[in-house]
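Colleague: I should like to understand how the terms used for this protein are justified. Could we go through them one by one?

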Amino acid sequence: MLCGGEKMEQKLRRDRDLGDNLRRLRNASGLSQGKLCAELQRRGCDIGRTTYAKYEAGELNVRVSVLLALKRLYGCPYDAFFAGLDTADDAEARSQSAAPEADRFRGGVFRYRENFGSFRPGQDF
């Protein structure tokens with residue numbers, strides 16, 4: 001992507017680990033990390049084996065250009081890179097982390113009712 005004449009590097013913000021899926025796809029294709037990187041380089045994607053190993057280990061953000069090249073190489077949908085990252089366990093963990101916030105909100109509503117009467121939507125308390 002060009003912006004002001006300079007090439008910008010695009011990255012995905014890593015808040016989920018794609019490494020297991022990257023490894024699974026690579027193993028399914030029968031490629032070592034070195035052979036995969038050599039093929040990516042042959043196709044114009046500049047990546048070294050050490051960098052790719054860090055992607056699989058979850059130590060480094062995956063560049064969007066690398067995901068695009070991997071998608072073309074493997075002939076898979078984008079969903080293959082994100083498979084299993086939004087499981088029921090993750091949903092449960094998110095709901096548990098949100099529970100204290102919800103309890104705090106409900107507690108605030110109850111305290112408001114005790115002190116000022118009923119709560120009406122849109123009313124600050």
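Modeller: A disulfide is a pair of cysteine sulfur atoms within 2.5 Å. This is a predicted model, in which local features need pLDDT of at least 70 and side-chain atom pairs count only at pLDDT 80 or more, while totals for chains, interfaces and linings use all residues. Residues are numbered from 1 along each chain as its sequence is written, and side-chain values use heavy atoms, leaving out hydrogens and water.

Colleague: How do you know that C45 is too far from the closest cysteine sulfur for a bond?

Modeller: The closest cysteine sulfur, in C37, lies 8.5 Å from that of C45, so the pair is too far apart for a bond. By this rule the count is zero disulfides.

Colleague: What makes C45 count as buried?

Modeller: Buried means under 20% relative accessible area, exposed over 50%, and partly exposed in between (1.4 Å probe, protein chains only). C45 has 7% relative accessibility, so C45 counts as buried. C76, with a relative accessible area of 11%, is buried as well.

Colleague: Why is F82 called partly exposed?

Modeller: The relative accessible area of F82 is 37%, and therefore F82 is partly exposed. F82 lies in helix α5 (residues 79–82); helices (H or I, at least four residues) are DSSP runs, numbered from the N terminus.

Colleague: Why are the buried residues of α4 said to be on the same side?

Modeller: In helix α4 (residues 64–74), the buried residues are V66, L67, A69, L70, L73 and Y74. They cover an arc of only 165° around the axis, and therefore lie on the same side of α4. The arc is that of the directions from the helix axis to the C-beta atoms.

Key: Helices (H or I, at least four residues) and strands (E, at least two) are DSSP runs, numbered from the N terminus.
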